[in-house]
Amino acid sequence: MGSLSAWHWLIVLIVVALLFGSSKLPQVARSLGQSARVLRAEARGLREDEEAANQRESGTSRPASDAN
């Protein structure tokens with residue numbers, strides 16, 4: 001029950017290609033990329049909000065350029 005081997009990934013890719021067709025694959029990949037960017041941006045925003053709340057609680061303030 002370990003990770004997937006190269007053969008498993010090949011079979012998954014073939015099934016996906018058969019299900020969506022070659023014309024839909026670029027659209028699916030593009031939407032996955034956009035979703036990943038949105039997710040990263042939201043996670044970064046939550047992290048920054050949490051850091052700002054922690055700084056307010058501790059009474060210290062750091063410039064935003066030092067937070068990264």
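## A tour along helix α1

With the whole protein chain selected, the secondary structure comes to one helix and zero strands, where helices (H or I, at least four residues) and strands (E, at least two) are DSSP runs numbered from the N terminus. This is a predicted model, in which local features need pLDDT of at least 70, side-chain atom pairs count only at pLDDT 80 or more, and totals for chains, interfaces and linings use all residues. Residues are numbered from 1 along each chain as its sequence is written, and side-chain values use heavy atoms, with hydrogens and water left out.

Next, select residues 6-58, which make up α1. Its end C-alpha atoms are only 50 Å apart, whereas a straight helix of 53 residues would span 78 Å at 1.5 Å a residue, the expected span being 1.5 Å times one less than the number of residues. Move to Gly-21, where α1 bends by about 100 degrees; the bend is the angle between axes fitted to the seven residues ending there and the seven starting there. Just after α1 comes Gly-59, with a positive phi near 85 degrees.

Now select Leu-10, which lies in α1 and counts as partly exposed because its relative accessibility is 40%; buried means under 20% relative accessible area, exposed over 50%, and partly exposed in between (1.4 Å probe, protein chains only). Finally, return to the whole protein chain, where 1% of the 68 residues count as buried.
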